[in-house]
Amino acid sequence: MSDGSLYAQTARNLLGENFIDPADRIRLDAHIAELAASDMDCIVIDGGDGTVSDVLTAVRRHYAPDRLPALAVLPSGNTNLIAGDVGFGMRGLEALERLQHLAASDTLRRNVRRRCGLVVEWPESDAREPVVGMFHGAAAFTRGIELAHQPAILNNYAHEMAVVVSFLSSVAHLLKRRSRQQWMRGDPITIQAGERVRRQGNCFLFLSTTLQFLPHGIWPFWTADGARDDAINYLHVAGQPSRLVAASWALLRGRHPAWLRDNPDYCSGCEQRIEMALDSDFVLDGEVFSPGPARRIILSSTAPIDFIHA
């Protein structure tokens, strides 16, 4: 998938009728349905996290769980968090030529990274179809994303600088007394993670992902045995959390000292299913969603997906 550029034209010449450049999500869904009907075993995604999420959603809708296609992610969008973990490792025509070589030698799945998609469902809404992504966040994470989406940032800064400006804006909000109190207080969120963990009350930050690596060594999740598996990794930080600066510094470096794991304001783990009741919006792969009138969503995972790596 691309944008009508010279690269897109060259890709169309290489791939023929298998090249897809959908005008919108409805057409994308229809194209994925056609690929599923023809038993297409590999889909190449040229785009950012939002495009990957759209493809994952359509794949879940149209492919059988035991016959999921392999995916090759070529990062070229605004955000490429997913590609940082499961990307193909090459871009542009070089990547397409390499993929053609792998297909010709029947070795497309020789080197894969297996991950699950993160499914968000609105259980009380028959009109709302589930969406699939790989990184979900709520409370302070949503506020930060909404700051990043402001036209003053999006229209005036390249993506990398926009991230920096958004971070600085978030820090500025925390330095102002009124906004700091609002951010620190958090949002009312109740989570039921698996059968054992229930957290109720205000939440400063909630994150969850089916990825297993994040950029720059950041990994704000932990489990009792330190394992990272195909379940949903999650972090819940209560409203008005103690030692927030020290905790943030540790988590941004992928460290989880004993004092942090023992602090009741911080809760992390891996589960196959998480139910959430929340009044505020949440984010999936950079897109902001409403929890709907019922104010309830369910997080679960897809069957494992093979992401092709060069």
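**Notebook: helix H2, strand E1, aromatic pairs and cores**

I began with Asp29 and placed this residue in helix H2, which spans residues 25–37. The model I am reading is a predicted one. I asked next whether Asp29 is buried or exposed. Asp29 is buried, because its relative accessible area is 18% and the cut-off for buried is under 20%. I then looked up its contacts beyond the neighbours within four places in sequence, and found Ala58, Arg61 and His62.

**Strand E1**

I turned to strand E1, residues 42–47. How many of its residues are buried? I noted 5 of the 6, so the strand is largely enclosed by the rest of the structure. For the pairing, I recorded that E1 runs parallel to strand E2 (residues 70–75), with 6 bridges between them. Within this pairing, I found Gly47 opposite Pro75 of E2. I followed the chain from E1 to E2 and saw that the path goes through helix H3, residues 49–62. I entered this β-α-β crossover as right-handed.

**Aromatic pairs**

I looked up the ring pairs and obtained a count of 5 aromatic pairs. One of them joins Trp219 and Phe221 in an edge-to-face arrangement, with 4.9 Å from centre to centre and 70° between the planes. I checked the accessibility of both residues. Trp219 counts as buried because its relative accessibility is 4%, and Phe221 counts as buried because its value is 1%.

I then examined Phe282 and Phe289, whose ring centres are 5.7 Å apart. Is this pair stacked or edge-to-face? The planes stand at 20°, so I entered the pair as stacked; the cut-off for stacked is under 30 degrees. Phe282 and Phe289 are both buried. I also noted that ring pairs link these two residues with Trp122 into a cluster.

**Charges over rings**

Trp122 led me to Arg128, whose charged end sits over the Trp122 ring at 4.2 Å from the ring centre. I recorded a further case at Trp259: Arg243 lies over the face of this residue, 3.8 Å from the ring centre.

**Nonpolar cores**

I asked which residues of the largest nonpolar core touch the most other members. This core holds 44 residues, and I listed Ile32, Ile43, Leu56, Tyr63, Leu235 and Phe307 in answer. Helix H3 supplies the largest share of the core, with 5 residues. I took Leu235 for a closer look and set aside its neighbours within four places in sequence. Its contacts include Leu205, Leu207, Pro220, Phe221, Trp222 and Leu251. Phe206, Cys267 and Ser268 are also in contact with Leu235. I then found a second, separate core of 23 residues, which includes Ile189, Val197, Phe206 and Phe282. Phe206 is therefore a member of the second core, and I have already entered this residue as a contact of Leu235.

**Asn111**

My last entry concerns Asn111, in the loop between helix H5 (92–104) and strand E3 (112–115). I noted this residue as partly exposed, because its relative accessibility is 33%. Where does the chain come back to Asn111? I found His309, which is 198 residues away along the chain, with 5.6 Å between the two C-alpha atoms. Beyond residues up to four places away in sequence, Asn111 touches Phe307, Ile308, His309 and Ala310. Of these contacts, I had already listed Phe307 in the largest nonpolar core.

Notes
Residues are numbered from 1 along each chain as its sequence is written. This is a predicted model: local features need pLDDT of at least 70, side-chain atom pairs count only at pLDDT 80 or more; totals for chains, interfaces and linings use all residues. Side-chain values use heavy atoms; hydrogens and water are left out. Helices (H or I, at least four residues) and strands (E, at least two) are DSSP runs, numbered from the N terminus. Buried means under 20% relative accessible area, exposed over 50%, partly exposed in between (1.4 Å probe, protein chains only). Contact means heavy atoms within 4.5 Å. Two strands pair if DSSP finds at least two bridges between them. A crossover is right-handed if, with the strands pointing away from the viewer, the path from the first strand over the helix to the second runs clockwise. Rings of Phe, Tyr and Trp (its six-membered ring) pair if their centres lie within 6.5 Å; planes under 30 degrees apart count as stacked, over 60 as edge-to-face and the rest as tilted. A charge sits over a ring if NZ of Lys or CZ of Arg is within 6 Å of the ring centre and within 35 degrees of the ring normal. A nonpolar core is a set of buried Ala, Val, Leu, Ile, Met, Phe, Trp, Tyr and Cys residues joined through side-chain atoms within 4.5 Å.
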